[in-house]
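Welcome, and please have your viewer ready for a short walk. We will begin with a single residue and then move outward, one selection at a time.

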Amino acid sequence: MKKTLTLFFALVTMLCLLTGCRLFTPRHRLLSIKGDIECRFHVSENAKYDKPVDFNDVPFDKDKFVKLYNEDRSYDADYMTHHLDKCDLKLDPVTELEEYMKVNNTEVMITAVTQDGQESVSVFKYNSKWYFFVLNMGGRSKPEVRGSYYKELSKEMAEYWSPILDKVLMTEGS
């Protein structure tokens with residue numbers, strides 16, 4: 001009986017690992033942000049490495065950032081690889097290079113810096129909508145799925161963040 005149970009759990013664990021199941025590895029989520037924060041916006045295709053854009057007059061709601069961060073982290077690339085139909089936008093950098101570069105150049109990385117560290121979220125703009133980058137698929141075995149895949153911000157997040165992010169892009173462009 002003991003060998004049977006051990007074999008069963010080993011089989012379930014192996015099955016979870018092979019299918020990308022995150023049964024035993026919880027994803028990092030923010031519960032809240034305590035204390036004072038500093039908000040930084042980085043704009044461009046290399047947003048992570050560029051100088052931040054300075055915005056002193058932009059209000060920053062900690063709870064909205066936590067929700068945005070958690071929404072971004074909820075899209076699991078392993079899961080989405082097998083459910084590409086759940087993505088809202090697909091751009092192929094080979095056949096749609098101009099569109100792909102246009103989206104890539106609108107990356108805005110929002111960083112909340114606290115006394116405990118910092119957390120960041122990147123979003124991209126395409127046709128007046130904001131998206132999270134989800135995954136990039138190569139096309140060796142299935143060229144029809146090659147491309148970069150994105151998920152649109154939820155309506156609640158878009159209502160709050162769109163005016164702020166649009167202002168960031170306009171300021172960066174001037």
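Start by selecting Asp72, and keep in mind that this model is predicted. Is Asp72 buried or exposed? Its relative accessibility is 15%, and because buried means under 20%, Asp72 counts as buried.

Next, show what surrounds this side of the chain. Setting aside neighbours within four places in sequence, Asp72 is in contact with Val121, Phe132 and Phe133. Asp72 itself belongs to helix α2, so colour residues 62-73 to see the element that carries this residue, following the DSSP runs.

Now turn to the sheet. Select its six strands and trace them in the order β1-β3-β4-β5-β6-β2; the sheet is open and its pairing is antiparallel. At the edges you will find β1 (38-43) and β2 (89-91), each of which pairs on one side only. On average, neighbouring strands here are turned by 35° against each other, direction ignored.

Zoom in on β4 (residues 117-126) and β5 (residues 129-137). These two strands run antiparallel and are joined by three bridges. Which residue of β5 is the bridge partner of Phe124? Select Tyr131 to see that partner.

Bring α2 back into view. This helix packs on the sheet and touches β3 (108-114), β4, β5 and β6 (147-152). The direction of α2 makes about 70° with that of β4.

For the last stop, select helix α4, residues 97-104. Helix α4 also packs on the sheet, where it touches β2, β4 and β6. Its direction makes about 145° with that of β4.

Terms used: Residues are numbered from 1 along each chain as its sequence is written. This is a predicted model: local features need pLDDT of at least 70, side-chain atom pairs count only at pLDDT 80 or more; totals for chains, interfaces and linings use all residues. Side-chain values use heavy atoms; hydrogens and water are left out. Helices (H or I, at least four residues) and strands (E, at least two) are DSSP runs, numbered from the N terminus. Buried means under 20% relative accessible area, exposed over 50%, partly exposed in between (1.4 Å probe, protein chains only). Contact means heavy atoms within 4.5 Å. Two strands pair if DSSP finds at least two bridges between them. Axes are lines fitted to C-alpha atoms, for helices over the stretch in contact, and angles run from 0 to 180 degrees between N-to-C directions.
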